[in-house]
Amino acid sequence: MESEREFDYETARPLVQKIMEQSGQNLLACYQCRRCASGCPVGEETGYVTPDRLIRMIVLGQRDDVLNNQLVWRCVSCYTCGTRCPNDIQTARITETVKKMSKENHITPITPKVDHFHSSFVKAGVRWGRVNEIEFINSYEIKNAITDLRHLRFKEIFKEMATQGGLGLRMLRKKRLHFGFQRTKGRDEIKRLYKKAGDRSVVPKAH
Ligand code: SF4
Ligand code: SF4
């Protein structure tokens, strides 16, 4: 994180403009009352970055911190902050926008597992119209294993394999694991929606 918290006009202007345009939220209406921060369910896991502080960081042009922080990756898009905001600012749309910008800039996420979960889940869902558990979990675990291998975290790989293996067995017993690939109607429409939203990274190639 940056040690100095100074206003950088040259960085701030385009950053504010881009995030406001893409999220559709008027960041300049925020007067830092912090009503949004009090109800955030992931507040205890996001360190000092609360919705109001994220907006402040954007307005101050702290680009590096804005593009990679715990709130952006851990926000669960519950919209609690938005319903409490007197200015109708929806931080969930801001965190989604920033996440997308972070991916476009090839920034390694501060919590890679959240990124792996998100991209594997959405990709599996977009491909078949509904998520296939086997495809999703394989893709998720392969991405996690590659990250752990890069950092020589062998223990983590075995721990994760044991955890997911146990979970898979429990799901199998409860008949919650589907081996076949069920296609649903309207898959092309889902793909078109994601393409339109500009998230080509999760749109699988036609097959
Ligand atoms: S509730 Fe709205 S105006 Fe108040 S700090 Fe949060 S985003 Fe800003
Ligand atoms: S939408 Fe995100 S930032 Fe807002 S309260 Fe929910 S988790 Fe927190």
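Visitor: How many nonpolar, polar and charged residues make up the shell around ligand 2?
Guide: In this predicted model, ligand 2 has 13 residues around it, and among the nearest are Cys40, Cys75 and Tyr79. Sorted by class, the shell around ligand 2 comes to 11 nonpolar, 2 polar and no charged residues.

Visitor: Which residues come nearest to ligand 2?
Guide: The shell around ligand 2 includes 11 nonpolar residues, and both Cys and Tyr count as nonpolar. Of the 13 residues around ligand 2, the nearest are Cys40, Cys75, Cys78, Tyr79 and Cys81.

Visitor: Which residues are closest to ligand 1?
Guide: Ligand 1 is surrounded by 13 residues. Helix 2 (35-38) and helix 3 (51-59) each give at least two residues to this shell. The closest residues to ligand 1 are Cys30, Cys33, Arg34, Cys36 and Cys85.

Visitor: How many residues of the shell around ligand 1 are charged?
Guide: One of the closest residues to ligand 1 is Arg34, and Arg counts as charged. The shell around ligand 1 also holds 8 nonpolar and 2 polar residues. Its number of charged residues is 3.

Visitor: What is the phi of Arg34?
Guide: Arg34 lies in the loop between helix 1 and helix 2. Most residues other than glycine have a negative phi. Arg34 has a positive value, near 70°.

Visitor: Is Arg34 buried, partly exposed or exposed?
Guide: Buried means under 20% relative accessible area and exposed means over 50%. The relative accessible area of Arg34 is 36%, so Arg34 is partly exposed.

Visitor: What is the phi of Gln32?
Guide: Gln32 has its place in the loop between helix 1 (9-23) and helix 2. At 29% relative accessibility, Gln32 counts as partly exposed. Gln32 is a residue other than glycine with a positive phi, near 55°.

Visitor: Where is Thr50, and how far in space is Thr50 from Lys113?
Guide: Thr50 sits in the loop between helix 2 and helix 3. With a relative accessible area of 12%, Thr50 is buried. Thr50 and Lys113 are 63 residues apart in sequence, and their C-alpha distance is 21 Å.

Visitor: How far apart are the C-alpha centres of domain 1 and domain 2?
Guide: The domain assignment gives domain 1 as 9-104 and domain 2 as 112-202. The C-alpha centres of domain 1 and domain 2 are separated by 27 Å.

Visitor: What separates the C-alpha atoms of Gly125 and Arg187 in space?
Guide: Gly125 belongs to helix 8 and counts as buried at 15% relative accessibility. Along the chain, Gly125 and Arg187 are 62 residues apart. In space, their C-alpha atoms are separated by 9.0 Å.

Visitor: How many aromatic pairs are there in the whole structure, and what kind of pair do Phe117 and Tyr140 form?
Guide: A search of the whole structure gives 5 aromatic pairs. In the pair of Phe117 and Tyr140, the centres are 5.5 Å apart with 80° between the planes. Planes over 60 degrees apart count as edge-to-face, so the pair of Phe117 and Tyr140 is edge-to-face.

Visitor: Which helices does the pair of Phe117 and Tyr140 link?
Guide: Phe117 is partly exposed at 41% relative accessibility, whereas Tyr140 is buried at 9%. The two residues are 23 residues apart, and the pair links distant parts of the chain. Phe117 is in helix 8 (residues 112-128) and Tyr140 is in helix 9.

Visitor: Why is the pair of Phe121 and Phe136 edge-to-face?
Guide: Phe121 lies in helix 8 and Phe136 in helix 9, so this pair ties together parts 15 residues apart in sequence. Phe121 is partly exposed at 39%, whereas Phe136 is buried at 9%. The ring centres of Phe121 and Phe136 are 5.4 Å apart and the planes are at 90°, so the pair is edge-to-face.

Visitor: Which residues do ring pairs link into a cluster?
Guide: One ring pair is that of Phe117 and Tyr140, and another is that of Phe121 and Phe136. The cluster linked by ring pairs consists of Phe117, Phe121, Phe136 and Tyr140.

Visitor: Which residues are closest to the centre of the second largest pocket?
Guide: The second largest pocket holds about 400 Å³ of space. Helix 9 (133-150) and helix 10 (154-173) are the elements that give two or more residues to its lining. The lining divides into 9 nonpolar, 5 polar and 5 charged residues. Of the 19 lining residues, the closest to the centre are Ile137, Asn138, Glu141, Gln164 and Gly165.

Technical notes:
Residues are numbered from 1 along each chain as its sequence is written. Chains are lettered from A and ligands numbered from 1 in the order in which they are written. This is a predicted model: local features need pLDDT of at least 70, side-chain atom pairs count only at pLDDT 80 or more; totals for chains, interfaces and linings use all residues. Side-chain values use heavy atoms; hydrogens and water are left out. On a 1 Å grid over the protein atoms alone, a cavity is a set of points where a 1.4 Å probe fits but cannot get out, and a pocket is an open set with protein on both sides within 12 Å along at least five of seven lines; lining residues have an atom within 4 Å of a point. Grid points are joined across faces, edges and corners, and a volume is the space filled by probe spheres set on the points. Helices (H or I, at least four residues) and strands (E, at least two) are DSSP runs, numbered from the N terminus. A residue is near a molecule or strand if one of its heavy atoms lies within 4 Å of it. Rings of Phe, Tyr and Trp (its six-membered ring) pair if their centres lie within 6.5 Å; planes under 30 degrees apart count as stacked, over 60 as edge-to-face and the rest as tilted. Buried means under 20% relative accessible area, exposed over 50%, partly exposed in between (1.4 Å probe, protein chains only). Domain bounds come from an automatic or database domain assignment.
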